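Biologist: Please take a close look at one edge of this fold, starting at the beginning of the chain. Then follow the contacts that matter for reading the rest.

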Amino acid sequence: RVTGWLSDGISRASVTGGRRLGDFGLQGTLTRNAGDGARDFSAFESTNAMGDARWQMGDTRLQLQASIYDAPEAENPGALTQAEMDRDPTLPDSNNIVKKAGKVVKQSMVSLVAGRDVGSLSLTASGQLGWRELGNPQSFAIIDLDRQTNGASVRAQYVAGRRFRVA
């Protein structure tokens, strides 16, 4: 499915779809946003991609998910006083222009989940990784982050009504 619109210099386009092939399922979305913004110095653009794959290996259910977000431009026009708003609401705060206030973000995440039922137990293990780069100059400070995250979990759940049996 493809959707999109364009209005007042702002555009959005999105492609989404999925497919099932036996025990393998795949779905994804790609979205793009861009525009000049409602005020001077408020241009932006971003791209977001998300994917999800699910399949079965024997008695084990697997799911792989990934997302990528890229926003190379998001200008920040700043706040205006009431007098400035009354004079021209499209003006940016001049201090934000001088400081080049805005935001640049790149973020990626990936996770893998495995699940299996063993007798009356439902077992699930998962792991995830993430990366984020953020450049966020403001009129009062510069915020710059470069982070990596990771985590994992293991869970066992007793499912009532099933006979417990260890194979």
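Modeller: Val2 is exposed, because its relative accessible area is 67% and the cut-off for exposed is over 50%. Keep in mind that this is a predicted model. Val2 belongs to strand 1. That strand covers residues 2-7, and none of its six residues is buried. Strand 1 is therefore hardly covered, with a buried count of zero.

What does strand 1 pair with? Its partner is strand 2, residues 10-21. The two run antiparallel and share six bridges. Within this pairing, Val2 stands opposite Val15 of strand 2. The connection is a hairpin, with two residues between the strands. One residue in that turn, Asp8, has a positive phi of about 50 degrees.

Val2 also has a part in a surface feature. Together with Val15 and Leu30, Val2 makes a nonpolar surface patch of about 280 Å². So Val15 turns up twice: as the residue opposite Val2, and as a member of the patch, because the patch is made by Val2, Val15 and Leu30.

Now the charged pairs. How many salt bridges does a search of the whole structure find? The search finds four. Three of them are described here, one by one.

Take Arg32 and Glu45. Their side chains meet in a salt bridge, at 2.9 Å from N to O. Arg32 sits in strand 3 (residues 24-35) and Glu45 in strand 4 (residues 44-57), so the pair, 13 residues apart, links distant parts of the chain. Arg32 counts as partly exposed, at 36% relative accessibility. Glu45 is partly exposed too, with a relative accessible area of 24%. Both values fall between the cut-offs, because buried means under 20% and exposed means over 50%.

Next come Asp59 and Arg116. Their side chains form a salt bridge at 3.8 Å, N to O. Asp59 lies in the loop between strand 4 and strand 5 (60-74), while Arg116 lies in strand 6 (residues 104-118). The pair therefore ties together parts that are 57 residues apart in sequence. Arg116 is partly exposed, because its relative accessible area is 35%.

Then there is Asp117 with Arg61. This salt bridge also has an N to O distance of 3.8 Å. Asp117 is in strand 6 and Arg61 is in strand 5. The two are 56 residues apart, and the pair links distant parts of the chain. Asp117 is partly exposed at 33%. Arg61 counts as partly exposed at 35%.

Now for some covered positions. Is Asn96 buried or exposed? Asn96 is buried, because its relative accessibility is 3%. The residue lies in helix 2, residues 94-98. What does Asn96 touch, leaving out residues up to four places away in sequence? The list is Phe41, Asn76, Pro77, Gly78, Ala101 and Ser139. The C-alpha atoms of Asn96 and Glu75 are 8.9 Å apart, and the two residues are separated by 21 residues along the chain.

One of those partners deserves a second look. Phe41 sits in the loop between strand 3 and strand 4. Its phi is near 60 degrees, a positive value in a residue other than glycine. Lys100 likewise has a positive phi, of about 55 degrees, although it is not a glycine. Lys100 is found in the loop between helix 2 and strand 6. Lys100 counts as exposed, because its relative accessibility is 64%.

Finish with Asn136. This residue is in strand 7, which spans residues 121-137. Asn136 counts as buried because its relative accessibility is 10%, and buried means under 20%. Where does the side chain of Asn136 reach? The side chain reaches the backbone oxygen of Gly102, at 2.7 Å. Gly102 also appears among the contacts of Asn136. Leaving aside neighbours within four places in sequence, the others are Lys103, Ala141, Ile142 and Ile143.

To recap the two ends of the range: Val2 is exposed at 67%, while Asn96 is buried at 3%.

Note on methods
Residues are numbered from 1 along each chain as its sequence is written. This is a predicted model: local features need pLDDT of at least 70, side-chain atom pairs count only at pLDDT 80 or more; totals for chains, interfaces and linings use all residues. Side-chain values use heavy atoms; hydrogens and water are left out. Helices (H or I, at least four residues) and strands (E, at least two) are DSSP runs, numbered from the N terminus. Buried means under 20% relative accessible area, exposed over 50%, partly exposed in between (1.4 Å probe, protein chains only). A polar contact is a pair of N or O atoms within 3.5 Å; within protein, one must be able to donate a hydrogen and the other to accept it, and residues adjacent in sequence count only if both atoms are side-chain atoms. Contact means heavy atoms within 4.5 Å. Two strands pair if DSSP finds at least two bridges between them. Patches are made of residues with over 30% relative accessible area and no salt bridge: like charges are joined within 9 Å, nonpolar side chains (Val, Leu, Ile, Met, Phe, Trp, Tyr) within 5 Å. Accessible areas come from the Shrake-Rupley method with a 1.4 Å probe; for residues, only the protein chains shown count as cover.
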